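Biologist: Please take me slowly through the interior of this model, beginning with its nonpolar core and then turning to the charged side chains, and explain each term when you first use it.

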Amino acid sequence: MKQTASRTLKVGALSGVERSYTLTHPKGQLKMRVWYGVGAKNLYSFQLTDTPARFAAASGTFDKVLASVKFK
């Protein structure tokens, strides 16, 4: 597993960190994006894992999902 990117990203009112990884396994590769943030009482985490061929399209959907999250 190799980290390919890291950035601070605010989701709703919660600031967190998003990291991207490339995972290599015997049958090929996977790409992964993980966002996590710490609220007053909870740790929140959202993850996308997909093949390199489908990752770009799935990543756009992941962006929309993160933009729709509301923490109360």
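**The nonpolar core and its charged surroundings**

Modeller: The largest nonpolar core has 10 residues in all, namely Leu-9, Val-11, Leu-14, Trp-35, Leu-48, Phe-55, Ala-58, Phe-62, Leu-66 and Val-69, where a nonpolar core is a set of buried Ala, Val, Leu, Ile, Met, Phe, Trp, Tyr and Cys residues joined through side-chain atoms within 4.5 Å. Two or more residues of this core come from each of the elements β1 and α1 (52-68), and α1 is the element that gives the most, with four residues. In soluble globular proteins, nonpolar side chains tend to be buried together.

A word on what you are looking at: this is a predicted model, in which local features need pLDDT of at least 70 and side-chain atom pairs count only at pLDDT 80 or more, while totals for chains, interfaces and linings use all residues. Residues are numbered from 1 along each chain as its sequence is written, and side-chain values use heavy atoms, with hydrogens and water left out.

As for the setting of the core, the secondary structure of the protein chain comes to one helix and four strands, in the order β-β-β-β-α along the sequence; helices (H or I, at least four residues) and strands (E, at least two) are DSSP runs, numbered from the N terminus. The C-alpha trace spans about 40 × 20 × 15 Å along its principal axes. Of the 72 residues in the protein chain, 31% are buried, and here buried means under 20% relative accessible area, exposed over 50%, and partly exposed in between (1.4 Å probe, protein chains only).

Within the core, Trp-35 deserves a closer look, for this residue is buried with a relative accessible area of 0%. Leaving aside neighbours within four places in sequence, Trp-35 is in contact (heavy atoms within 4.5 Å) with twelve residues that are easy to list: Leu-9, Val-11, Leu-14, Ser-15, Gly-16, Val-17, Glu-18, Tyr-44, Ser-45, Phe-46, Leu-66 and Phe-71. The model has one aromatic pair, a term for rings of Phe, Tyr and Trp (its six-membered ring) whose centres lie within 6.5 Å, with planes under 30 degrees apart counted as stacked, over 60 as edge-to-face and the rest as tilted. The rings of Trp-35 and Phe-46 have their centres 5.9 Å apart and their planes at 40°, so this pair is tilted. Because Trp-35 lies in strand β3 and Phe-46 in strand β4 (residues 43-50), the pair ties together parts that are 11 residues apart in sequence. Phe-46 itself counts as partly exposed, at 24% relative accessibility.

Turning to the charged side chains, the count comes to four salt bridges, each being a side-chain nitrogen of Lys or Arg within 4 Å of a carboxyl oxygen of Asp or Glu. Side chains of opposite charge can pair when their charged atoms come close. One of these salt bridges joins the side chains of Glu-18 and Arg-7, with 2.9 Å from N to O; Glu-18 lies in strand β2 (residues 14-25) and Arg-7 in strand β1 (residues 2-11), so the pair ties together parts that are 11 residues apart in sequence. Arg-7 is partly exposed, at 42% relative accessibility, whereas Glu-18 is buried, at 5%.

Glu-18 also meets Arg-33 in a salt bridge of 2.6 Å, N to O, and this pair links distant parts of the chain, with Glu-18 in strand β2 and Arg-33 in strand β3 (residues 28-38), 15 residues apart. Arg-33 counts as buried, at 5% relative accessibility. The side chain of Arg-33 makes a polar contact of 2.7 Å with that of Asp-63, where a polar contact is a pair of N or O atoms within 3.5 Å; within protein, one must be able to donate a hydrogen and the other to accept it, and residues adjacent in sequence count only if both atoms are side-chain atoms. Not counting residues up to four places away in sequence, Arg-33 touches residues including Phe-46, Leu-48, Phe-55, Phe-62 and Leu-66.

Another salt bridge joins Arg-54 and Asp-50, at 2.8 Å from N to O; Arg-54 is exposed, with a relative accessible area of 52%, while Asp-50 is buried, at 12%. Salt bridges that share partners join Arg-7, Glu-18, Arg-33 and Asp-63 into one network.
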